[in-house]
Structure formats: structure tokens, C-alpha cells
Amino acid sequence: MTVATPATRSLAESHRSIAIPEGASFLRRLFAFAGPGYLVAVGYMDPGNWATDIAGGSAYGYALLSVILLSNIMAMILQALSARLGIAAGLDLAQACRAAYSKPVSRILWLLCEIAIIACDLAEVLGTAIALQLLFDLPLVWGVLITGFDVFLILALQHYGFRKVEAFIIALLLIIGGCFLYELIASRPDPGAVMAGFIPTTRIVTDPAMLYIAIGILGATVMPHNLYLHSSVVQTRAFDESENGKRDAIKMATIDSTVALFFAFFINAAILIVAAATFHVAGRTDVAEIDQAYRLLAPMLGAGAASVVFGVALLASGQNSTVTGTLAGQIVMEGFLDLRLAPWLRRLITRGLAIIPAVLVVGASGQAGATKLLVLSQVILSLQLPFAVVPLVRFTANKGMMGPFASPVWLRILAWIIAAIIIGLNLTLLWGLATG
């Protein structure tokens, strides 16, 4: 399979806009490449993660830490493949699908990806609205409606260049990380129990309720739209396009995304650990809603700032995810359909499709409905994963598309094992839902 370079580059307005210093030291080159991995990492700690991690930690203690660890390892490998595709083939994943598959297949993949992006955006809407309610006592429905205006945030950031977008993302990530470091210290988890939680148990797949949350964690961690996003944003770097230059670029991009995803792993694990150490240990296995966690943290930990810090981190998480969700939506539409809309219009369409169900559910069932919708959005993301992962693994193994940078045999085997695990878990979930 040989695919020609598309006439229009991915994210054309930012393509190769960030210079890589030639002949510079390793650290200077790595710094120049640093950024795309952190954009990707945002999707691995968005508000959807909070709902699944809080529910998992409260109900099952530290047991689901093993799922977070496994999910993050999968994410590191898949994101490395995504960066490899963007650098070696000069295509984002959406462009590669459009070029390699028939029009009907490509359209179906586009539709599934759009559903995943709307599900992700739904989590951002609900997470931001919940944070605004908790911090400022703003009614949940009003908070949902206000999120429609954050379309202007990404437009303002892009106006000042792609490096400013990355700086904004990293600043918010540091705020989230600092907040959860405080929460971890305040919750005083048992180190031995935490370490034991990283060892998988068979109960995860034999207990249907536990499996549902586990697959929600998987869907919230390995995000399908991030595979499209990463394959595009690595192309914002003006690396040397010789074989040696591409090889170096792949190495730098892989280091960037792996380090960033270690940070995301810390955040995800911290959310679950805090929920387990605070709620599960005290016998509160029923805490499954973000507002419950917010209101119980301060009194149960005896730390007055714990709830406010939690709310600030949630607000930062929602805003961060807004930026990367906007970019992913643009990349997917342009790559699959070769259709270019004004960024503000594209963003309003996606956000509108997320706001409508959020307003309906919140209006009908309030906070409880919002949290259930958050968890459901992550399961939807998990069910869509195979339709992004299988093409990615297939393309990066193809020498006609990748040339000398096609995945080596060991990486292909590992990638297909990951794809099989994801598909197997999803089939198990569907069977469980079908049989009640």
C-alpha cells in the first residue's frame, strides 16, 4: 500500500511552524519537540477520567489501579505508533484512512470518530459545569450553557501561535498535578495497599459491575481521538525530512509522549488513590459522583482546602480538554472529508451536539444523571477504540506507507495484542449488557 502525500497538509495553519535547531544538543532538540505529548496527555486526565476513577476507587479500593497501569502502557505504545505515522508518512490517521480505504468505509470510520469526539466533549462540558457549580454555586444547567462560549479560548490561543497553545496546556497540567499532590498527601494512603493494587486480579473480568468501570477507565485513558490528534500535531515541527532526520524525530516524539503520559498516569492513579484512601477505607463505597467527592473530601480528610483544590483541578481539566478536543475535531473532519470549516463554526457544531444531551439529562435528573452520563461517555469512547486502533496498527506496519520506518516485528505483535485486548474487553462488555 503506497499512499501519496495529500495536497493539503494536516493542520495546515501550523504545519512545520516550529523550528528544530540543526546540529543542536540532544536536550535542545528534545525541548524543541516537547509539546505534542502534553496535548495528548490532556485527553488521558479529562473529567471523564474523574468519574470512572472516583467510582472505581470508592467501590473497589485500590484494585483498579492495575487497569490504570495497563491502560497507560497501552496508551504509550499506541501514541508512539501515532507519532511514527505522522512523521514517517507525513499523514495524520484520518488522512491515512481516507487514502487507504474505500469511500463508504472511510465515511463510517469518520462517523464513529465524530461520535467519540462528541462523547469526549460531553465529558468536558459536564466536568466544567460541575466545577463551576462546586466552586461558584452556579446552577448546573447554566454551567453547561456557559461552556458553549469557550470556543473563543482556542481561537485566541491559536492566534498567537501553536507554541502558545502548548504552553497554556502545560501550565494547566502543572496546576492539576500540584492539586493532586496536595490531595495525596492529605489522604495518607497505605503504600502497601497501593502497590498491591497494581497487581491484576481475575475479579475485574468476573464481576460485571467492576468490569463496567474497568472498561470505562480504559475508554477514559486510551482516547481514540488522541490517535488522530498526535499523528497531526507532531507535524508542527520542522524536522529534517531525510531518513536520519525522521529517525531522530520519531525518537524525540516518542520520548515526549512517553514522559507526558507518565504524568497523566500519576494524575489518574492519584484520583483513584484519593477516592480509595478517603471513601473506600471509611466504608463509603457509594461515592460515585464528583460533587459527592467534592463535598466529602474536606470533612473526611480534616483539610479545609481539600474540596476547593479538587474543584480547581477539575476546572483546569475541563478547560484543557476543550483545547485538545477542538484540535482533534478539526483534524478528523479535514482528514476524512477534506472539508474545511471556520474553526469557530466547527467548534460550535461539536459543542452544540454535546450541550443538547447534557442539558436534557441535567434538567431531568440533576447531578446523579450528569455523573452517569460521564461514565457512559467513557464507555462509548472505549467501544470506538478498535476502529481507530486497528487502522493505526495496520498502517504503521505497512512498508509501502512507512518505508524504512514500518514497525518492527516485535512492535507489530505487541500492537496487535493490545488491539486484541481492547476488542476482547469491549465484546465482554457488550455481552454483559445484552445478557443483563
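Select Arg 16 and Phe 239 to start. Arg 16 sits over the face of Phe 239, 5.3 Å from the ring centre. Keep in mind throughout that this is a predicted model.

Now jump to Arg 163 and Phe 31. Here Arg 163 lies over the face of Phe 31, and the distance to the ring centre is 5.4 Å.

**Aromatic pairs**

Stay with rings. A pair of aromatic rings is described by the distance of the centres and the angle of the planes. How many aromatic pairs does a search of the whole structure find? The search finds four. Two of the four pairs are on this tour.

Select Tyr 101 and Phe 395. Their rings form a tilted aromatic pair, 5.6 Å centre to centre, with 40° between the planes. Colour by helix to see what the pair links. Tyr 101 is in the loop between α5 (93–100) and α6 (103–136), while Phe 395 is in helix α18 (residues 386–396), so the pair ties together parts that are 294 residues apart in sequence. Is Phe 395 buried or exposed? Phe 395 has 0% relative accessibility, so it counts as buried.

Next, select Tyr 228 and Phe 336. This aromatic pair is also tilted: 5.8 Å between centres and 55° between the planes. Tyr 228 belongs to helix α13 (residues 224–233) and Phe 336 to helix α16 (residues 306–337), so the pair ties together parts that are 108 residues apart in sequence. Both Tyr 228 and Phe 336 are buried.

**Where α5 meets α18**

Go back to Phe 395 and show all of α5 and α18. Two packed helices are described by the angle between their axes and the distance between the axes. The axes of α5 and α18 come within 11 Å and cross at roughly 80°. Angles of 65 to 115 degrees count as roughly perpendicular, so α5 is roughly perpendicular to α18.

Turn on side chains at the crossing. Which residues meet there? From α5 come Leu 93, Ala 96, Cys 97 and Ala 100. From α18 come Ala 388, Pro 391, Leu 392 and Phe 395. Sorted by class, the contact of α5 with α18 has eight nonpolar residues, no polar ones and no charged ones.

**Three single residues**

Select Asn 226. Asn 226 lies in helix α13, the helix that also holds Tyr 228. At 0% relative accessibility, Asn 226 is buried. Display the residues around Asn 226. Leaving aside neighbours within four places in sequence, Asn 226 is in contact with Val 40, Gly 43, Tyr 44, Gln 79 and Ser 82. Add a distance label to Leu 39: the C-alpha atoms of Asn 226 and Leu 39 are separated by 8.7 Å, with their positions 187 residues apart along the chain.

Move to Thr 128, in helix α6. Thr 128 is buried, with a relative accessible area of 3%. Beyond four places in sequence, Thr 128 is in contact with Thr 147, Leu 315, Gly 318 and Gln 319.

Finish at Arg 340. Arg 340 is found in the loop between α16 and α17 (343–384). With a relative accessible area of 35%, Arg 340 is partly exposed. Not counting residues up to four places away in sequence, Arg 340 touches Thr 8, Arg 9 and Glu 334. For a last distance, pick Ile 117: Arg 340 and Ile 117 are 17 Å apart in space, C-alpha to C-alpha, and 223 residues apart in sequence.

How values were computed:
Residues are numbered from 1 along each chain as its sequence is written. This is a predicted model: local features need pLDDT of at least 70, side-chain atom pairs count only at pLDDT 80 or more; totals for chains, interfaces and linings use all residues. Side-chain values use heavy atoms; hydrogens and water are left out. Rings of Phe, Tyr and Trp (its six-membered ring) pair if their centres lie within 6.5 Å; planes under 30 degrees apart count as stacked, over 60 as edge-to-face and the rest as tilted. Helices (H or I, at least four residues) and strands (E, at least two) are DSSP runs, numbered from the N terminus. Buried means under 20% relative accessible area, exposed over 50%, partly exposed in between (1.4 Å probe, protein chains only). A charge sits over a ring if NZ of Lys or CZ of Arg is within 6 Å of the ring centre and within 35 degrees of the ring normal. Axes are lines fitted to C-alpha atoms, for helices over the stretch in contact, and angles run from 0 to 180 degrees between N-to-C directions. Angles under 35 degrees count as roughly parallel, over 145 as roughly antiparallel, 65 to 115 as roughly perpendicular and the rest as oblique. Contact means heavy atoms within 4.5 Å. Ala, Val, Leu, Ile, Met, Phe, Trp, Tyr, Cys and Pro count as nonpolar, Asp, Glu, Lys and Arg as charged, and the others, Gly among them, as polar.
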